[in-house]
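Trainee: I would like to learn how to read strand pairing, buried side chains and salt bridges from a model. Where do we begin?

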Amino acid sequence: QVQLVESGGGLVQAGGSLRLSCAASGRTFSSYAMGWFRQAPGQEREFVAAISGSGGRTYYADSVKGRFTISRDNVKNTGYLQMNSLKPEDTAVYYCAARSERGIVVLPMRRDAYYYWGQGTQVTVSS
């Protein structure tokens, strides 16, 4: 069982930056792939980025590529999403998610591929 708690959301002006954190419980954090998703009002939850257990592989949605960076610190059991050059369309509730790396070849983008979810943190980008 893994429990995830996000933090770091807030209100920022367009062009600004935020860093989200995802603190995970459990002793085998490094064996879990992590993902970040977001959900804007009235929209489906969408994939943002994913990272392998070791941190050696990452994958991004086209909409955030070059602006967002996913990373993790397995000693601190924490994942991060650094968000730069924020745009109003990045406004959403951001969720971190995790799943065991067992059985996967490529980092998953589908919501149903992840077993564990945090409660979400609100990011609002003003124009």
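Mentor: We begin with a single bridge pair: Q39 stands opposite V93 in strand β9. Keep in mind throughout that this is a predicted model.

Trainee: What is the sense of the pairing between β4 and β9, and over how many bridges does it run?

Mentor: The general idea is to count bridges: two strands pair if there are at least two bridges between them. Here β4 and β9 (residues 92-100) are antiparallel, with eight bridges.

Trainee: Which strand do five bridges join to β4?

Mentor: That strand is β5 (residues 46-51), which runs antiparallel to β4. Two residue pairs show the register: W36 is opposite A49, and G35 has A50 as its bridge partner. The two strands make a hairpin with six residues between them, and in the turn G42 has a positive phi of about 75°.

Trainee: How many bridges does β5 make with β6?

Mentor: Three, again in the antiparallel sense, with β6 covering residues 58-60. A50 reappears here, since its partner in β6 is Y59. β5 and β6 also form a hairpin with six residues between them, where G55 in the turn has a positive phi of about 90°.

Trainee: Is β4 mostly covered or mostly open?

Mentor: A general point comes before the case: in a regular strand the side chains alternate between the two faces of the sheet. As for β4 (residues 32-39), seven of its eight residues are buried, so the strand is mostly covered. β5 is mostly covered too, with five of its six residues buried.

Trainee: Why is R99 classed as buried?

Mentor: The class follows from a cut-off: buried means under 20% relative accessible area. R99 has a relative accessible area of 9%, so this residue is buried. R99 lies in strand β9.

Trainee: Which residues is R99 in contact with, beyond its neighbours within four places in sequence?

Mentor: The contacts are S31, Y32, A33, I104, P108, A113, Y114 and Y115. S31 is a useful case of separation in sequence: S31 and R99 are 68 residues apart along the chain, while their C-alpha atoms are 8.5 Å apart in space. With A113 there is also a polar approach, as the backbone oxygen of A113 lies 3.0 Å from a polar atom of the R99 side chain.

Trainee: How many salt bridges does the count come to?

Mentor: First the general idea: side chains of opposite charge can pair when their charged atoms come close. In this model the count comes to six salt bridges. In one of them, E46 pairs with R38, and the closest N and O atoms are 2.6 Å apart. E46 counts as partly exposed because its relative accessibility is 34%, whereas R38, at 6% relative accessible area, is buried.

Trainee: Which residue does R38 meet in a salt bridge at 2.8 Å, N to O?

Mentor: The residue is D90. This pair links distant parts of the chain, with R38 in strand β4 and D90 in the loop between β8 (78-83) and β9, 52 residues apart. Both R38 and D90 are buried.

Trainee: Where does the salt bridge of D62 fit, and is D62 buried or exposed?

Mentor: D62 meets K65 at 3.1 Å, N to O. With a relative accessible area of 66%, D62 is exposed, and K65, at 48%, is partly exposed. A network is read from shared partners: salt bridges of this kind join R38, E46, R67 and D90 into one network.

Terms used. Residues are numbered from 1 along each chain as its sequence is written. This is a predicted model: local features need pLDDT of at least 70, side-chain atom pairs count only at pLDDT 80 or more; totals for chains, interfaces and linings use all residues. Side-chain values use heavy atoms; hydrogens and water are left out. Buried means under 20% relative accessible area, exposed over 50%, partly exposed in between (1.4 Å probe, protein chains only). Helices (H or I, at least four residues) and strands (E, at least two) are DSSP runs, numbered from the N terminus. Contact means heavy atoms within 4.5 Å. A polar contact is a pair of N or O atoms within 3.5 Å; within protein, one must be able to donate a hydrogen and the other to accept it, and residues adjacent in sequence count only if both atoms are side-chain atoms. A salt bridge is a side-chain nitrogen of Lys or Arg within 4 Å of a carboxyl oxygen of Asp or Glu.
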